[in-house]
Amino acid sequence: MYQRALEEMRSVEILPHFTEMAAGSALIQSGKTRVLCTASVQEGVPPFLKGTGRGWLTAEYAMLPGATPSRKARDGVKKDGRNVEIGRLIGRSLRAACDLTRLGERTIYIDCDVLQADGGTRTAAITGGFVALVLAVEKLLREGVIQDSPVIRQVAAVSAGIVEQQCALDLEYAQDSRAQADVNIVMAREKGELGFVEVQGTGERRPFRRKELDTLLALAENGILQLMEKQLSALGDASELIGKKPKLALASNNFGKIKELRSLLKERFDVYSMREMGVEMEVEENGETFEENALLKAQALTQATGCAALADDSGLIVDALDGRPGVHSARYCGVHGDDEANNRLLLRELADTPAPRTARYACAIALTRPGRKPLVAYGACEGEILKDYRGEGGFGYDPLFLSRDLNLTFAEADEAAKNRVSHRARAIQALLEQLEEENG
């Protein structure tokens, strides 16, 4: 009866930058359905988010008077209940695409106006609204308003239904008006995997069975994959902002430490040194513990850069010296960062201490992010202090610290071996475990 096969999508076209004034815009055409989607950004958030550092995204949907053969009146003081419900669906769907802590206390408004309706207007609004959202984010990044893309996953939507006892994809009005069942499916893609954001299903003329629902969901998944390719094509280079790793500023200019942390964190963050971020600052490390000092440095760097920051405070704890040098490890000799002088002083103070001179490297890592609570993790590795230097690598006390795990000094161990057992590696691993728990 229909020119399209039941599993076939209507012809879809997404025209980006359709208007010039909004931060982002797109016109989506799906068959005869046409929806104009715009994204506008305003400073400030609703009262329940004030002071949290988090942003917000909301949406409004309207069908223009000439969108259907019979004129539809514009919304007045009392808004059309259907329009409000669809606007909420669009907002929920696009919030599922975002980590709004990266937006700061700003609100993105997605406005979806149906210019012409022939079925599937709400799903087209979600699909086109996502393109407008990404283009608005691109503008914010280009202007330096935000540091990281809040768009962490791709979202699109499509309808499916049962028409004359057959499952069909992407219903146009002639099908939708006669459907025995109607389902709207919103899906998100993250790291190549699809998941459901929302499924709205209604038995219009009869209940639909589980087997039919499974068929409809399979049809929808195939259709959404096609729509996502259309979105990426419309976005061009801006598509690189979807799922882009957030920036992480390291509170250090120590090359060895930066190299180690970059290696350990590269899968989760786009790591920059303070120099690369254009930041020059010295934070007074007046905390009494490694944890306090790490948190002081990370918070100061997040405030300076507007992005996530990671700082560590680490040092050597020697049992025979009652825990010294501890938080003063880098300036043990009185001069910050003079590794050779620090090592000489350590050997002098331990000259009369018999082996094994037990010690441990300890590290506290603090991660601070706009709009989120700080995370702090601790790691330690056991060993002993030798009487003579061994090895040419590493930094700090590495030539004197014999690792119990490796039976090598950290200056003798290669980078991979050291990263497996080091205090910093263990603190990072503990931090990554906290991040995994946070993400559920």
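How many bridges pair strand β8 (residues 181-190) with β9, and in which sense, parallel or antiparallel? The two strands pair over 10 bridges in the antiparallel sense. Two strands count as paired if DSSP finds at least two bridges between them. Helices (H or I, at least four residues) and strands (E, at least two) are DSSP runs, numbered from the N terminus.

This is a predicted model: local features need pLDDT of at least 70, side-chain atom pairs count only at pLDDT 80 or more, and totals for chains, interfaces and linings use all residues. Residues are numbered from 1 along each chain as its sequence is written, and side-chain values use heavy atoms, with hydrogens and water left out.

**The annotated domain**

The unreviewed UniProt entry carries the annotation "domain: Exoribonuclease phosphorolytic" for residues 8-136 and 155-222. UniProt positions follow the numbering used here, feature names are shortened, and annotations may be inferred rather than shown by experiment. Over residues 155-222 the chain is 25% helix and 50% strand. The end C-alpha atoms of that stretch are 14 Å apart.

**The five-stranded sheet**

Five strands form an open sheet in the order β1-β2-β3-β5-β4, with mixed pairing. Its edge strands are β1 (12-16) and β4 (56-63), each pairing on one side only. The twist averages 15 degrees from one strand to the next. Axes here are lines fitted to C-alpha atoms, for helices over the stretch in contact, and angles run from 0 to 180 degrees between N-to-C directions.

Is β2 enclosed or open? Seven of the seven residues of β2 are buried, so this strand is largely enclosed by the rest of the structure. Buried means under 20% relative accessible area, exposed over 50%, and partly exposed in between (1.4 Å probe, protein chains only). Both faces of β2 are covered. Gly 24, Ala 26, Ile 28 and Ser 30 are buried on one side, and Ser 25, Leu 27 and Gln 29 on the other.

β1 and β2 are antiparallel, with five bridges, and Val 12 stands opposite Ser 30. β2 and β3 also run antiparallel, joined by seven bridges. Here Ala 26 faces Cys 37. The hairpin of β2 and β3 has two residues between the strands, and Gly 31 takes a positive phi near 60 degrees. β4 and β5 (residues 106-116) run parallel and share eight bridges. Ala 62 has Asp 113 as its bridge partner in β5.

**The four-stranded sheet**

Another open sheet has four strands in the order β7-β6-β8-β9, with antiparallel pairing. β7 and β9 (193-203) are its edge strands, each pairing on one side only. Neighbouring strands are turned by 20 degrees against each other on average, direction ignored. β6 (residues 154-163) and β7 (residues 166-169) pair over four bridges. In their hairpin, with two residues between the strands, Glu 164 takes a positive phi near 50 degrees.

Some facing residues, pair by pair:

| Strands | Facing residues |
|---|---|
| β1 and β2 | Val 12 and Ser 30 |
| β2 and β3 | Ala 26 and Cys 37 |
| β7 partner | Gly 161 and Ala 168 |
| β9 partner | Ala 188 and Gly 195 |

**Helices on the sheets**

Helix α2 (residues 121-142) has 22 residues and reaches 31 Å from its first C-alpha to its last. That is close to the 32 Å expected at 1.5 Å a residue, a span counted as 1.5 Å times one less than the number of residues. α2 is mostly covered, with 18 of its 22 residues buried. Gly 144, with a positive phi near 75 degrees, follows α2.

Helix α1 (residues 81-95) lies across β4 and β5, running at about 145 degrees to β4. α2 packs on the five-stranded sheet too, touching β1, β2, β3, β4 and β5. Its direction makes about 35 degrees with that of β3. Helix α4 (residues 210-235) lies across β6, β7, β8 and β9, at about 140 degrees to β6.

**The cores**

A nonpolar core is a set of buried Ala, Val, Leu, Ile, Met, Phe, Trp, Tyr and Cys residues joined through side-chain atoms within 4.5 Å. The largest has 65 residues, and Ile 90, Ile 110, Phe 130 and Leu 133 touch the most other members. α2 gives the most to this core, with 12 residues. Apart from it lies another core of 19 residues, including Leu 261 and Phe 269.

Leaving aside neighbours within four places in sequence, Phe 130 has contacts (heavy atoms within 4.5 Å) that include Leu 94, Val 151 and Ile 242.
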